[in-house]
Structure formats: C-alpha cells, structure tokens
Amino acid sequence: MVSTSGRTELMEISASMQKAFSTAEETAGEYCKVGDHEEPIMSNDGPLANDLHLLKLERWRWWLLVAVNIFFLVAGQASAVLLGRFYYDQGGNSKWLSTLVQTAAFPILFIPLFLIPSSQEASASSSTPSFKILASVYLFLGVLIAGDNWLYSTGLLYLSASTYSLICASQLAFNAVFSFYLNSQRFTALILNSVVVLSLSAALIAVNDDSDGLSGVSKGKYILGFFCTLGASAIYSLLLSLMQLSFQKVLKKETFSVVLEMQIYTALVATCVSVLGLFASGEWKTLHEEMGSFGQGRASYVLTVVFTAVCWQVCSVGVVGLIFIVSSLFSNVISTVGLAVTPIASVIVFHDKMNGVKVIAMLLALWGFASYIYQNYLDDSKARRMQGAGDETRSDSVC
C-alpha cells in the first residue's frame, strides 16, 4: 500500500507536470506543432520559460511516462488482436460482438481521468464550446469509430493475425496524407519515403496468396478481409486527424482531461452503436449457442470476451497518454510498431505461416516506421536548438 504522504507527493508531481504540459500545449496556438513537422516560433513569455525549465528538470519522469504509455499501447494492442483471433479460431463468429468489445470497457478510462488532475489554468484560458457542438463532434466521431471497428472485426475474421497486422501498418501512410490536408503537415523526403514503402508493404500482402492460412476462408473472403482491414486503417488515420482538428478548431485546447474525455464520450457513442448493430443484425440470438459450442468451453468464452475488452482499453490509455505527452502522430507511429510485434507473436501463439512475402512486407513496414521516427528525431533536434537560442536571447535581454 502507498502511504498518504506518498500519494500526496505523487499527486503534486503529477499536477506540476500537467501544468507544464498544458502550458506548453496551449502555446501551440502561437506556433505549429513540431510533431507535425512545422517550424516553431518561440514565445517570450516568462511563465512558459519557467515551465520549460521544469520540463528539463523532470525529463526522466517524462521519459518514464512515455515508456509506460508505449508499453500499454503495444502490449494492449498485440494482446487484443491475438485474443480476437483466438475468439474466431475457437468458434466465435459474431462481428458485432467483436466490434462491441473494442470500446465496451471504456469506463476503465475514468481511472486515469480521476487520478491525474488536469491544469485548471489551461481550462480557464479558453471558452468552452456549446453542448450542441460538443455533442455533434462526439456523436460523429463515435459513429465513425463504430464503423471502423466493424471493418477491423470483419478483416480479422477472414485474415490470419500476422496478415491482418501487416495490412494495418498502412495506417501510417494514410495518416501522413490526411495530416497533410487536415492538419497542415508538410511532406518531407522522409515522410514521402515512408508513405511509398508502407504502400508497397500493403501491396505485397494484397498479392500474397494467404487464403489457405485459415480453414474455411475462400479467396473471395480473403480479398474482402484485405479491403476491410485496409479501409479500417484509412478510417483510423482519418479519425486521428479529425480529433487533432477538433482540438485545434473546436475545443481549442488539448489538456489531459480534454483528450481523455474525447476518448470516453466517443467510445460511449461507439458502444451504443455496436449494441444497436448487434441486435439489428440478429447476431445476439446466436451468442448463447456460440458460447456453448466454443472450443475451450463457456468459461473461456467469457474470459476471452472480457479480457479482449480490457486489453483494448489498456491500449486506449496508452494512445491517449502518448497523444497528450507527445503528439497524435507519435502515438500512431508507436501503434504501428505494435503492429510489427503482433505478426511475430502470432507465429509463436497460432503458428501462422510466415513466408518470404510476409517477411519482406514486415521489413518494408519497419523501414517506413524508421523513416517516420528519424523525421521526428530531426524535428525534435531542431526544436531543441531553437529553444536553446530562445533561452539565450531571453537571458541576454535580462542582463
């Protein structure tokens, strides 16, 4: 058990970091985000300089938070995909139930929302949008998430876990395209290289004859699974860009609580849509029979569904954390890394076939990921140099 003084100290550290991150993020209105490959314009405000100094002092804690959220995202995503494949392998066949479990455990997100306070100054610095506007944003994004999850569930039904994950890696290429049009992200040579390489990776999977990897899956169903997964990857990237646009244009702030509330309310809408789809499709009538005929028994069926839902929300905690601590682009990049881990895990757990085409596709996906990471490294180095120059200028002006 943690003592009362320990909890108090933890809350004070968390609050100070929230203040620093929220203040730094609020100044994003004065400059374009470095994570989106735009040139920053440093502010001369005194409080910002103090908060940036705090960030330097607490940098090891920042890296610790990044590492923890990366673990949540990668482990949660890989586990959820493998459990989803296990559900289908053992006799599960409900696409809407698979869709539902991707968001049904969203109340877990209330834990970090209540435990980690958000900056009050950041919340008071800008006007809150009207209820109708917020409801419209959450409703639209929630319905889009539900449709996206259904496409993912359909793709996983007809594809092996390794093939599914490799196709999902194309979301990074889609993210670059949507960010260019919606979030003013400019294309660099490295970003363009990443888009091309990831597109080639997806194309290799498309022409790869993997339809015999799953029993009872015809060539036609394999193609359907491929396009459903590819479409879901595109919609997921569009969702990230639309969320980023909502923070910039509608909410006009990106504090921890605002980001988490966005995730919670859109998941609530997506869950309601998934429940409606489950009943409208008639799949709910077969769930009892499906549970009885599940390969590993009724208890295993319930545990599979429950833990799949929990794993998706663990992944969501990591996604939200990385969006808040770093950027939505970085969160998507790490998600792509997790997709590269899943094929290896699926070969070990399900003995999926890993032929030469899949290996080449995975190497191409890693190449595209490395290009993205290196571009982020260049942007971060540039931002540090400009920050150092700004600090020196302020010091000279004080002297």
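# Notebook: helix α7 and its partners

I began with a crossing: α7 and α8 cross in a right-handed sense. The model I am reading is a predicted one.

**Entry 1, α7 with α8.** I looked up the geometry of this pair. The axes of α7 and α8, the latter spanning residues 161-168, come within 8 Å. They cross at roughly 140°. Roughly antiparallel needs an angle over 145 degrees, so I log α7 and α8 as oblique to each other. Next I listed who meets whom. From α7, I found Y152, G155 and L156. They meet A161, Y164 and C168 of α8. By class, I noted five nonpolar residues, one polar and no charged in the contact of α7 with α8.

**Entry 2, α7 with α11.** I then turned to α11, residues 219-251. Helix α7 itself covers residues 131-158. Here the axes come within 7 Å and cross at roughly 160°. I therefore record α7 and α11 as roughly antiparallel. The crossing of α7 and α11 is left-handed. Sorting this contact by class, I got 21 nonpolar, seven polar and two charged residues.

**Entry 3, T229.** I picked one residue in α11, namely T229. Is T229 buried or exposed? It counts as buried, at 0% relative accessibility. I looked up its contacts, leaving aside neighbours within four places in sequence. The list for T229 reads L151, Y152, G155, L159, Y164, I167 and C168. Y152 and G155 also appear on the α7 side of the α7 and α8 contact. Y164 and C168 appear there on the α8 side.

**Entry 4, salt bridges.** How many salt bridges does a search of the whole structure find? I got one. The side chains of R85 and D89 meet in it, at 2.9 Å from N to O. Side chains of opposite charge can pair when their charged atoms come close. Both residues sit in helix α3, residues 59-89. They are four residues apart there, so about one helical turn separates R85 and D89. I checked accessibility at each end. R85 is buried, with a relative accessible area of 5%. D89 counts as partly exposed, at 38%.

**Entry 5, whole chain.** I closed with totals. I count 16 helices and zero strands in the protein chain. Of its 399 residues, 51% count as buried. I also looked at contacts between residues at least 6 apart in sequence. Of these, 84% join residues at least 24 apart.

How values were computed
Residues are numbered from 1 along each chain as its sequence is written. This is a predicted model: local features need pLDDT of at least 70, side-chain atom pairs count only at pLDDT 80 or more; totals for chains, interfaces and linings use all residues. Side-chain values use heavy atoms; hydrogens and water are left out. Axes are lines fitted to C-alpha atoms, for helices over the stretch in contact, and angles run from 0 to 180 degrees between N-to-C directions. Angles under 35 degrees count as roughly parallel, over 145 as roughly antiparallel, 65 to 115 as roughly perpendicular and the rest as oblique. A crossing is left-handed if the near helix is turned anticlockwise from the far one by less than a right angle, and right-handed if clockwise. Ala, Val, Leu, Ile, Met, Phe, Trp, Tyr, Cys and Pro count as nonpolar, Asp, Glu, Lys and Arg as charged, and the others, Gly among them, as polar. Buried means under 20% relative accessible area, exposed over 50%, partly exposed in between (1.4 Å probe, protein chains only). Contact means heavy atoms within 4.5 Å.
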